[in-house]
Amino acid sequence: MQIESYLCGQWQAGTGNSTQLVNPVTNQVIGEACGEGLDIKCALAFSRENGGQALRTLGYGKRAQLLRQIADVLVANRDRYNQIAQENSGNTSGDAGFDVDGGIGTLKYYASLGKKLGNPTYLVEGPAEQLTRDENFRALHILTPLKGVAVHINAFNFPSWGMWEKVAVALLAGVPCFVKPATSTCLLSYEMVKDVVAANILPDGALSLLCGGGRDLMDHLTSDDLVAFTGSADTANMLRSNANVISSNVRFAVEADSLNACILGADVTQGDAEFDFFIKEIVRELTVKAGQKCTAIRRVIVPKASQDNVISALQERLAKTTIGDPSDENVRMGPLVNTAQVKAAEAGLKILTSEAKVVVDADNADFAVDPAQGAFFAPRILLCENPMQAQKIHEIEVFGPVATVMSYETQEEALTLGAMGGGSLACSVFTADDDFANKAAIELASSHGRVLIVNEQIAKGHSGHGVVMPQCIHGGPGRAGGGEEMGGLRGLYFYHRRSAIQTTAERAQKLLDQGLALN
Ligand code: NAP
């Protein structure tokens, strides 16, 4: 299958070398994408001129209706998408649902949020303030949608959710989207966009898709455009240091990799409810999408006295996790996305073993296929004896089912270890101790985008360590990229430009009345 790109309102095939997409279970080629030779500059201009103009005139409420229509198209094709996620990403049905339904759910959430906004076309921040002795001279701030294109560069692990969580906010804001999914898993993004285009929901140029290529994308951006990047910190750094991005001051947000942690409070011991939920959460994070989640738990921080019990409990649970072909309903964990990712995970694991030893190797595969053909990688738990002195365990993200256990002596040490990831997306704390819970929230907040604090009361009702909810911001400081996405209507700010307007009191009031105040 030749995977095309949707640019300038047309499906187009590239002319250069193609990249093959494989089924990671069998390594069989299932399609190829080629984005080389396509006129990116022209496609961006088309999107700015047509898509941007049309979207901006609609207002928030009407754009929210478009999101709802997109979601309806996706819901109608959900089963086919789950099948594609299995074939191209090695997803179990649960993994596929996580990605496909995550995308649909986010679109629906923003559709319902936007429905309540009416149809203003810009945001306001009032009241209008007096600036001089003249009472009639006032100033307010307005936020207008950027007049460029939102370039969305996505990682391979969420070809659906990663695409729609960005598109939902950008379209609601009135900014056209130019999506570049990771090539290795772009089949799902392609099929979804194809269905949305066929349904004729969006104005021309509101949604473009580039499958493969895009190496010159940064060179064609203008100061009206923005980039929302998700992927590795190395690629992010390379792209945001592009000469044109720097000289044109292109707005650039990064969601990168992260050494997320999970902390067991010193008050919790084996037999306590919080202990069981802690173990369950770690195993879930290791096995969902075979640990290929940016938010997955990489560092397990436990009181010294519980270290051995935690390792035994993890071993016991992981022994029950069947790894294999995700089309088999008994299989709980599928392969990594391709053999290149297996090599990368092996290389990362090797580095970690310079500071930690492997204490659980859950190689309990149940294969109906030849595992040597596929991209399988068994879950591993490591133990680091000197975590305060170690570096690599706080720096190297193995993008797969690998986590390192480390122990602490004092609460302060636990929180210091938690912050040692250099800036992370998510940290969770399992404790029944209210004082420690709130101390942890405040201490960990500055180094994390999200802190989840669990006790028995919410153990069954919380949304999960690794699950990104559109109501909350997603992103983290430092090595996690410094970006911030979603967070309800907060997400709109990234797609708007704030300007101060200085004018008469009457005109200022009129601007305030016709705009949308978010709070
Ligand atoms: P990656 O190799 O950094 O690639 C990310 C994206 O950048 C892909 O679409 C890739 O396209 C594109 N890209 C690479 N070089 C480019 C260039 N020169 N010009 C334009 N685009 C270029 O990351 P990945 O392997 O796909 O994803 C895994 C990483 O993403 C992990 O480290 C994970 O932690 C991180 N991640 C972070 C989040 C988050 O929200 N913070 C979410 C998911 C994943 P090609 O595929 O065509 O090379």
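Okay, quick definition before anything else: when I say helix or strand, I mean a DSSP run, at least four residues for a helix and at least two for a strand, numbered from the N terminus. And when I say a residue is near the ligand, one of its heavy atoms lies within 4 Å of it. One more thing up front: this is a predicted model.

So, let's start with the ligand. There are 26 residues around it, and the ones that come nearest are Thr183, Ser232, Thr235, Glu397 and His474. Which elements each supply at least two residues of that shell? Those are β11, residues 226–230, and α7, residues 233–240. Helix α7 gives the most, with 3 residues.

What's the shell made of, by class? You get 12 nonpolar residues, 9 polar and 5 charged.

Now the polar contacts. Glu397, one of the nearest residues, has a side-chain N or O atom 2.6 Å from an oxygen atom of the ligand. Arg215 puts a polar side-chain atom 2.8 Å from a ligand oxygen. With Ala256 we're talking backbone: an N or O atom there lies 2.8 Å from a nitrogen atom of the ligand. As for cover, the ligand on its own has 910 Å² of accessible area, and the protein covers 87% of that.

Where does the ligand sit, then? The space it takes is the largest pocket. Zooming out, domain 1 is 40–256 plus 482–517, and domain 2 is 260–471; both give residues to the shell, so the ligand lies between them.

Okay, away from the ligand topic and on to some backbone oddities. As a rule, most residues other than glycine have a negative phi, and most peptide bonds are trans. Here are a few spots to click on. The peptide bond from Gly126 to Pro127 is cis, with omega near -5°, and Pro127 is in strand β6, residues 123–130.

Then there's phi. Cys8 has a positive one, near 55°, and you'll find Cys8 in the loop between β2 (5–7) and β3 (10–12). Met486 also has a positive phi, near 55°, but this residue is in a strand, β21, residues 485–486.

That's my tour, happy to rotate the model if anyone wants another look.

Methods
Residues numbered from 1 in each chain as written. Predicted model: local features only at pLDDT ≥ 70, side-chain atom pairs only at ≥ 80, totals over all residues. Heavy atoms only, no water. Polar contact = N/O pair within 3.5 Å; in protein donor to acceptor, adjacent residues only side chain to side chain. Areas by Shrake-Rupley, 256 points an atom, 1.4 Å probe, with all protein chains shown as cover. 1 Å grid on protein atoms, 1.4 Å probe; cavity = no way out; pocket = protein on both sides within 12 Å on 5 of 7 lines; lining within 4 Å. Sits in = over half its atoms within 2 Å of the grid points. Nonpolar A, V, L, I, M, F, W, Y, C, P; charged D, E, K, R; others polar. Domains from an automatic or database assignment.
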